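Me: Please take a close look at a single part of this model, the disulfide. Then set it beside the other local features.

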Amino acid sequence: MLKKLLLLSFILGLSYCTLWVGGYSHLEQIEDDEHVGKTLLIYPTAGEFVLKEHWYFGKRSGDSYLSSQKAVRNSQTPPILYKTVGKYNEVYHGGSLLAGNGLVQYQVKQVKGESNKRLFFFSFSRCKEQTDLFDPETNIKIDFVCD
């Protein structure tokens, strides 16, 4: 019985060390700031939402982020209106701590339509702030335009 307990303790300790050295991260919702609740009009030329390839605790199927890679220019595709619904920080663990602080990201949702995945937006600096722009269909104020 003692040998089994020692073996189990060794395996659990080794698993913990592997996870710690691997440096897996997790998303942590943090306090909202002035960007939460804002609307973004994102043109296809600003980029496209692509699947997050890396793994982290709490990852959901379909988690995506706005890629900085320019999408193929297609004048027929209209821009999409999004609203920021939360602010998150990617918290690093273990060996990943050497990379510095985690990336702050905002969860966005389409104003019209439903999405079966979480969409994350990283940078408001790539967008132009607006003061008097409204969506003609919904009459919702547009705070940022990303093109």
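Reply: Here is the disulfide, followed by a histidine and a pocket.

This is a predicted model, in which local features need pLDDT of at least 70, side-chain atom pairs count only at pLDDT 80 or more, and totals for chains, interfaces and linings use all residues. Residues are numbered from 1 along each chain as its sequence is written, and side-chain values use heavy atoms, with hydrogens and water left out.

The structure holds one disulfide (a pair of cysteine sulfur atoms within 2.5 Å). Its partners are Cys127 and Cys146, with sulfur atoms 1.8 Å apart. The S-S torsion is about 95°, so the disulfide is right-handed. Cys127 sits in the loop between β8 (119-121) and β9 (128-134), and Cys146 in strand β10 (residues 141-146), so the bond ties together parts 19 residues apart in sequence. Strands are DSSP runs of E, at least two residues, numbered from the N terminus. Both Cys127 and Cys146 are buried (under 20% relative accessible area, 1.4 Å probe, protein chains only).

Next, the histidine. His35 lies in the loop between β1 (25-30) and β2 (39-42). His35 is buried too, with a relative accessible area of 17%. Beyond its neighbours within four places in sequence, His35 is in contact with Thr84, Tyr106, Phe124 and Phe144 (heavy atoms within 4.5 Å).

Last, the pocket. The lining of the largest pocket comprises 16 residues (each with an atom within 4 Å of a pocket point). Gly47, Glu48, Phe49, Ile80 and Tyr82 lie nearest the centre.

Note on methods:
Helices (H or I, at least four residues) and strands (E, at least two) are DSSP runs, numbered from the N terminus. Buried means under 20% relative accessible area, exposed over 50%, partly exposed in between (1.4 Å probe, protein chains only). On a 1 Å grid over the protein atoms alone, a cavity is a set of points where a 1.4 Å probe fits but cannot get out, and a pocket is an open set with protein on both sides within 12 Å along at least five of seven lines; lining residues have an atom within 4 Å of a point.
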